[in-house]
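Hi everyone, thanks for making time. I'll put the structure up now and walk you through a few spots I'd like you to look at.

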Amino acid sequence: MSPSEIVKVQAYLQSTFNNNMIKLMRRPKATDSLEVMLDDEFIGIVYRDEDEGEISYQFHMTILEEDLPQE
């Protein structure tokens with residue numbers, strides 16, 4: 001992703017989730033995705049997809065059962 005795309009997607013996520021602690025970081029071996037960090041904690045991946053000239057971004061977040069509140 002280009003630097004301008006990263007800035008736009010990061011600003012969108014920060015605005016959507018009302019949290020300026022969300023940061024996007026480049027992945028060492030991937031050019032089509034970025035790590036999503038909340039403060040210093042990894043929370044997911046944003047993928048860039050281009051299909052028939054249209055660009056979209058997908059945010060993928062995995063939630064482990066062990067991270068859920070106990071009943």
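Okay, let's begin with Phe 17, which sits in the loop between helix H1, residues 3-16, and strand E1, residues 22-27. Before going on, keep in mind that this is a predicted model.

So, is Phe 17 buried or exposed? Well, its relative accessibility is 47%, so it counts as partly exposed. And Phe 17 has company: together with Phe 59, Met 61, Ile 63 and Leu 68, it forms a nonpolar patch on the surface. Add up the accessible area of those five and you get about 490 Å².

Stay with that patch for a second. How many aromatic pairs does the structure hold? Just 1. The pair is Phe 17 with Phe 59: the ring centres are 6.3 Å apart and the planes sit at 65°, so we call it edge-to-face. The cut-off for that label is an angle over 60 degrees. Now look at where the two partners come from. Phe 17 is in the loop between H1 and E1, while Phe 59 belongs to strand E4, residues 54-60, so the pair ties together parts that are 42 residues apart in sequence. Phe 59 is partly exposed too, with a relative accessible area of 32%.

Next, the helix itself. H1 has 14 residues, and from its first C-alpha to its last it reaches 20 Å, close to the 20 Å expected at 1.5 Å a residue. Which residues of H1 are buried? Those are Glu 5, Ile 6, Val 9, Gln 10, Leu 13 and Gln 14. They cover an arc of only 160° around the axis, which puts them on the same side of H1. That spacing fits a general rule: an α-helix has 3.6 residues a turn, so residues three or four places apart point the same way. Turn to the other side of H1 and you find Val 7, Lys 8, Tyr 12 and Ser 15 exposed.

Last stop, backbone angles. Most residues other than glycine have a negative phi. Asn 18 has a positive one, near 50°. Asn 18 is in the loop between H1 and E1, and with a relative accessible area of 72% it is exposed. Asp 39 also has a positive phi, about 60°, although it is not a glycine. You'll find Asp 39 in the loop between strand E2, residues 30-38, and strand E3, residues 41-51. Its relative accessible area is 47%, so Asp 39 is partly exposed.

That's my tour, thanks for listening.

How values were computed. Residues numbered from 1 in each chain as written. Predicted model: local features only at pLDDT ≥ 70, side-chain atom pairs only at ≥ 80, totals over all residues. Heavy atoms only, no water. Patch = residues over 30% accessible without salt bridge, like charges linked within 9 Å, V, L, I, M, F, W, Y side chains within 5 Å. Areas by Shrake-Rupley, 256 points an atom, 1.4 Å probe, with all protein chains shown as cover. Salt bridge = Lys/Arg side-chain N within 4 Å of Asp/Glu carboxyl O. Helix = DSSP H or I, 4+ residues; strand = E, 2+ residues; numbered from the N terminus. Buried < 20%, exposed > 50% of the residue type's maximum accessible area, 1.4 Å probe, protein only. Phe/Tyr/Trp six-rings, centres within 6.5 Å; stacked < 30°, edge-to-face > 60°. Expected span 1.5 Å × (residues − 1). Arc of directions from axis to C-beta.
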